[in-house]
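Me: Could you walk me through this one, and justify the labels as you go?

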2 protein chains.
Amino acid sequence: MPNTQPPIQLNSQLCFQLYTANKKFNKFYQDALSPFSLTYPQYIAMLTLWQYAPLSVKELGNHLHLDSGTLTPLLKRLESHNWIKRERSHKDERTVIIQLTHMAVTNRDSVFKRVSNCFKVLNLTPQEKAACSETIATIEAHLDHYNEQHNAN
Amino acid sequence: MPNTQPPIQLNSQLCFQLYTANKKFNKFYQDALSPFSLTYPQYIAMLTLWQYAPLSVKELGNHLHLDSGTLTPLLKRLESHNWIKRERSHKDERTVIIQLTHMAVTNRDSVFKRVSNCFKVLNLTPQEKAACSETIATIEAHLDHYNEQHNAN
DNA sequence: AGCAATTTAATTGCGAACAATACGTTATTT
DNA sequence: AAATAACGTATTGTTCGCAATTAAATTGCT
């Protein structure tokens with residue numbers, strides 16, 4: 001007879017590990033980004049905007065899996081620190097278009113360099129990075145499948 | 001001449017992946033725990049308390065790497081849902097001792113079973129779980145080393 | 001074409017979590 | 001007894017999800 005008992009311990013350990021690792025990762029990025037008055041989520045948003053701007057709030061939200069209720073205040077903070085401009089579309093007055101400021105364009109490489117240097121200090125080998133990326137992708141695929149099943153969309 | 005250019009893309013990708021994977025994991029746990037009016041961080045705290053209670057706020061914070069400023073409101077919510085009792089120590093009136101309620105003890109196995117079932121649906125092989133655990137441990141070790149260097153303690 | 005109903009986009013408000021800081025009370029140390 | 005340390009609480013700012021609201025655009029019907 002096979003063992004049908006749930007492996008409580010391993011699940012709990014995974015849960016715990018992910019929780020604390022995520023917090024440490026936040027701290028790492030917070031430190032890396034502090035010279036630019038950017039928070040971790042703000043940086044993620046800027047990463048997307050550096051690549052795809054201009055974007056509407058809705059489009060940005062699709063990239064980040066965030067709804068506008070979360071993005072609006074975040075974007076206002078980015079605007080107040082002069083990273084982005086927000087203006088309503090002339091074609092469709094409902095949508096707000098996010099554009100990069102001149103400052104954001106000029107300082108992009110400084111931010112990248114800083115983050116890159118912090119990563120260097122982390123001392124992850126390319127193999128470790130690749131393994132991490134792959135592991136996360138695997139877990140994420142399972143999570144996507146689960147969440148699709150359990151959320152009426 | 002070796003390539004000294006920073007691998008921006010890979011770092012950004014890692015950063016982005018971790019960000020979104022973490023959110024999906026939160027969602028997964030939120031769904032798993034919703035029948036018990038427990039949030040993910042509250043569950044993490046309960047995991048620790050089921051194993052080590054009674055604990056002072058300070059001791060619990062050491063397990064979770066959280067300070068009392070974060071824990072106090074969280075513990076009040078747990079208390080209001082009758083998961084724990086909070087009372088000041090007679091020996092040292094500064095410390096608050098957290099104890100499990102009868103309900104928490106009785107319902108422990110139900111919570112474990114529910115989480116375990118949700119994990120089953122996730123369909124992670126033992127190999128995938130182990131790989132995940134190992135990867136996280138590796139990254140975490142690097143992060144610990146980094147954060148030690150960069151935070152005056 | 002013109003009006004009503006529906007859909008879509010963004011904002012606002014609420015509760016929870018987290019970090020950082022300041023504050024007040026209680027112990028300990030000198 | 002006074003200074004210092006430890007501990008928990010309160011406060012502020014950011015993030016996140018969800019629900020309700022407002023405004024604009026689209027669709028459907030007559």
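What follows is a run of questions about labels, each answered by setting a value against its definition.

Me: Before the labels, what kind of model is this, and how is it numbered?

Reply: This is a predicted model, in which local features need pLDDT of at least 70, side-chain atom pairs count only at pLDDT 80 or more, and totals for chains, interfaces and linings use all residues. Residues are numbered from 1 along each chain as its sequence is written, chains are lettered from A and ligands numbered from 1 in the order in which they are written, and side-chain values use heavy atoms, with hydrogens and water left out.

Me: What makes a residue count as near DNA strand C, and which come nearest?

Reply: A residue is near a molecule or strand if one of its heavy atoms lies within 4 Å of it. Around DNA strand C there are 25 such residues, and A:Ser68, A:Thr72, A:Arg86, B:Thr39 and B:Arg77 come nearest. On the DNA side, 80% of the strand C atoms within 4 Å of the protein belong to sugar or phosphate, and the rest to bases.

Me: How do you know that A:Thr72 and A:Arg86 make polar contacts with DNA strand C?

Reply: A polar contact is a pair of N or O atoms within 3.5 Å; within protein, one must be able to donate a hydrogen and the other to accept it, and residues adjacent in sequence count only if both atoms are side-chain atoms. An N or O atom in the side chain of A:Thr72 is 2.5 Å from a phosphate oxygen of strand C, and a polar side-chain atom of A:Arg86 is 2.6 Å from a phosphate oxygen of that strand. Both values fit the cut-off, so both pairs qualify. A:Val96 gets there with a backbone N or O atom, 3.1 Å from a phosphate oxygen of strand C.

Me: What makes a stretch a helix or a strand here, and which one gives the largest share of the surface near DNA strand C?

Reply: Helices (H or I, at least four residues) and strands (E, at least two) are DSSP runs, numbered from the N terminus. H4(A) gives the largest share, four residues.

Me: How is the surface near DNA strand C split by class?

Reply: It has six nonpolar, nine polar and 10 charged residues. For the classes, Ala, Val, Leu, Ile, Met, Phe, Trp, Tyr, Cys and Pro count as nonpolar, Asp, Glu, Lys and Arg as charged, and the others, Gly among them, as polar.

Me: And which residues are closest to DNA strand D?

Reply: Of the 25 residues surrounding strand D, the closest are A:Thr39, A:Arg77, B:Tyr19, B:Ser68 and B:Thr72. Sugar and phosphate account for 78% of the strand D atoms that come within 4 Å of the protein. B:Thr72 has a polar side-chain atom 2.7 Å from a phosphate oxygen of strand D, and A:Gln42 has one at 3.0 Å. H4(B) gives the most to this surface, with four residues, and by class the surface has five nonpolar, eight polar and 12 charged residues.

Me: Why is A:Thr135 called buried?

Reply: Buried means under 20% relative accessible area, exposed over 50%, and partly exposed in between (1.4 Å probe, protein chains only). A:Thr135 has 13%, so the label is buried. This residue is found in helix H6 (residues 126-150) of chain A.

Me: What does A:Thr135 touch in chain B?

Reply: With contact meaning heavy atoms within 4.5 Å, A:Thr135 touches B:Ala131, B:Cys132 and B:Thr135, not counting residues up to four places away in sequence. The side chains of A:Thr135 and B:Thr135 are joined by a polar contact of 3.1 Å.

Me: How do you know that E2(A) and E3(A) pair?

Reply: Two strands pair if DSSP finds at least two bridges between them. E2(A) and E3(A) have five bridges, in the antiparallel sense, so they pair. E1(A) and E3(A) are joined by two bridges and also run antiparallel. One of the residues in this sheet, A:Ile97 in E3(A), has A:Glu87 opposite and also A:Ser56 opposite.

Me: Why are E1 and E2 of chain B at the edges of their sheet?

Reply: The open sheet has the order E1-E3-E2 (chain B). E1 and E2 of chain B each have a single partner strand, so one side of each is left without a neighbour in the sheet.
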